[in-house]
Amino acid sequence: METCRKTFNFPQLLIPIGQGVSQIIQNHERARYVSIHQSPAFPYMGAKSETFGEHSNIKTIPILAETTWACGYKDRFEKDVLPFVCSDDDSWKPDLVLICAGYDALDSDELAGVSLQAKDFKEMTSALLAHLEKKEQTLSVAFGFEGGYQLSEMAGGGNLADAVSYTVQALIDE
């Protein structure tokens with residue numbers, strides 16, 4: 001990253017905080033990392049909402065188990081994640097946003113206790129794209145799918161395939 005002139009964002013939308021990614025990113029002024037994650041949960045880091053790192057480029061946003069899109073998650077995403085991804089005051093406008101999309105936040109997933117429905121991932125993706133468009137950002141957005149282990153077609157609120165489909169649908173709709 002030392003020879004790179006572009007700026008990057010790594011929003012992480014999964015249950016455990018990505019401590020390895022945050023440790024790498026915190027020393028690079030042209031990169032940011034934000035994690036919205038369940039706390040307490042393994043690896044028991046990111047228990048408080050804070051911004052840190054040599055360049056104040058790491059943000060942790062803990063949420064409680066059983067948080068739903070309508071009851072807490074959407075609010076934290078819109079008020080904390082989106083402005084950090086692309087600043088309201090234009091002090092941070094990335095050229096690339098890499099999303100670590102963790103579908104273990106699904107209510108039907110047994111790994112953790114967050115209660116998102118598959119359709120919420122479309123809402124989240126649409127909100128991110130709308131925020132970037134509002135900021136008149138011409139940039140690339142890429143998803144890295146990680147987490148999410150519910151494969152049953154009978155899963156209440158949707159399974160991994162449903163959540164990925166909703167995410168892709170939001171990208172197509174834009």
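How many aromatic pairs does the count come to? It comes to five in this predicted model, where rings of Phe, Tyr and Trp (its six-membered ring) pair if their centres lie within 6.5 Å.

## Ground rules

Residues are numbered from 1 along each chain as its sequence is written. The model is predicted, so local features need pLDDT of at least 70 and side-chain atom pairs pLDDT 80 or more, while totals for chains, interfaces and linings use all residues; side-chain values use heavy atoms, without hydrogens and water.

## Confidence

On pLDDT, the predictor's 0 to 100 confidence in each residue, the protein chain averages 83, and 88% of the residues score at least 70. Among the elements, helix α2 (residues 73-85) has the highest mean, 94, and strand β1 (residues 8-13) the lowest, 55. Over residues 1-5 the value is below 50, though this stretch still has nine contacts (heavy atoms within 4.5 Å) beyond near neighbours in sequence. Where pLDDT is low, don't read the predicted coordinates in detail.

## Two helices packing

Helix α3 (residues 118-134) packs on helix α4 (residues 160-173) at about 30 degrees, axes 7 Å apart. That makes the two roughly parallel, the word for angles under 35 degrees. Among the residues making the contact are Phe121, Thr125 and Leu129 of α3, and Ala163, Tyr166 and Leu171 of α4. By class, the contact has seven nonpolar, four polar and four charged residues.

## One aromatic pair

Back to the rings: Tyr103 and Phe121 form a tilted pair, 4.6 Å centre to centre with 50 degrees between the planes. Under 30 degrees would count as stacked, over 60 as edge-to-face, and the rest as tilted. Tyr103 sits in the loop between β5 (96-102) and α3, and Phe121 in helix α3, 18 residues apart.

Definitions and conventions: Helix = DSSP H or I, 4+ residues; strand = E, 2+ residues; numbered from the N terminus. Axes fitted to C-alpha atoms, helices over the stretch in contact; angles between N-to-C directions. Parallel < 35°, antiparallel > 145°, perpendicular 65-115°, else oblique. Nonpolar A, V, L, I, M, F, W, Y, C, P; charged D, E, K, R; others polar.
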